[in-house]
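Work through the following exercises with the sequence and the coordinates at hand. Each task is followed by a solution that proceeds step by step.

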Amino acid sequence: MPVPDQAVGEGATKVYQMLAKKNMALFLDVWPLHMFYKRFGLERFKRCLPERQSLRGSVVWPIEAAVPFGAVQPRVMQAFEAIDAGNTAGGVKFLAEHEQLNVLRRAIFVTAS
């Protein structure tokens, strides 16, 4: 009995679709934060970040069941504080932790089960 080629089978297609969906959500989470910070600076970023969750339901957010849109995460604030202080490497570290722990891990494990 032949073993199906999983590199082009249904399993691979499912994994590809899941990763694409999670990566799109990650982009939709992080890119607007960068653009807002770049345009308005840290102080306004801090004031407005909690208001982001009021957009829930009006933005494309394919992982709402696992990760509510706009939830304030401490690592996000720490990241932009570090970047603003000139510690880009520290900011990148905090954002990477946020991306992995608060978005991707939760989205993959909640929606995969």
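**Exercise 1.** Determine whether Asp 29 counts as buried or exposed, and find its contacts.

*Solution.* Asp 29 counts as buried because its relative accessibility is 6%, where buried means under 20% relative accessible area, exposed over 50% and partly exposed in between, with a 1.4 Å probe and protein chains only. The model is predicted, so that local features need pLDDT of at least 70 and side-chain atom pairs count only at pLDDT 80 or more, while totals for chains, interfaces and linings use all residues. Residues are numbered from 1 along each chain as its sequence is written, and side-chain values use heavy atoms, with hydrogens and water left out. Next, place Asp 29 in helix 1, helices being DSSP runs of H or I with at least four residues, numbered from the N terminus. Leaving aside residues up to four places away in sequence, Asp 29 touches Arg 52, Trp 61, His 98 and Val 103, a contact being heavy atoms within 4.5 Å.

**Exercise 2.** Find the cavities and identify what lines them.

*Solution.* There are 2 cavities of 30 Å³ or more; on a 1 Å grid over the protein atoms alone, a cavity is a set of points where a 1.4 Å probe fits but cannot get out, and lining residues have an atom within 4 Å of a point. Grid points are joined across faces, edges and corners, and a volume is the space filled by probe spheres set on the points. The largest cavity holds about 80 Å³, and its lining includes Asp 29, Arg 52, Trp 61, His 98 and Val 103. Helix 3 contributes the most to this lining, with 4 residues. The second largest cavity, of about 40 Å³, has Asp 29, Arg 52 and His 98 among its lining residues, together with Leu 33 and Leu 49.

**Exercise 3.** Describe the largest nonpolar core and the surroundings of Ile 63.

*Solution.* A nonpolar core is a set of buried Ala, Val, Leu, Ile, Met, Phe, Trp, Tyr and Cys residues joined through side-chain atoms within 4.5 Å. The largest has 11 residues, among them Trp 61, Ile 63 and Val 103, and helix 1 (10–48) and helix 3 (88–112) each supply at least two residues of this core. A second, separate core of 10 residues includes Leu 33, Phe 45, Leu 49 and Phe 80. Finally, with residues up to four places away in sequence not counted, Ile 63 touches Lys 21, Lys 22, Ala 25, Val 103 and Ala 107.

Conventions
1 Å grid on protein atoms, 1.4 Å probe; cavity = no way out; pocket = protein on both sides within 12 Å on 5 of 7 lines; lining within 4 Å.
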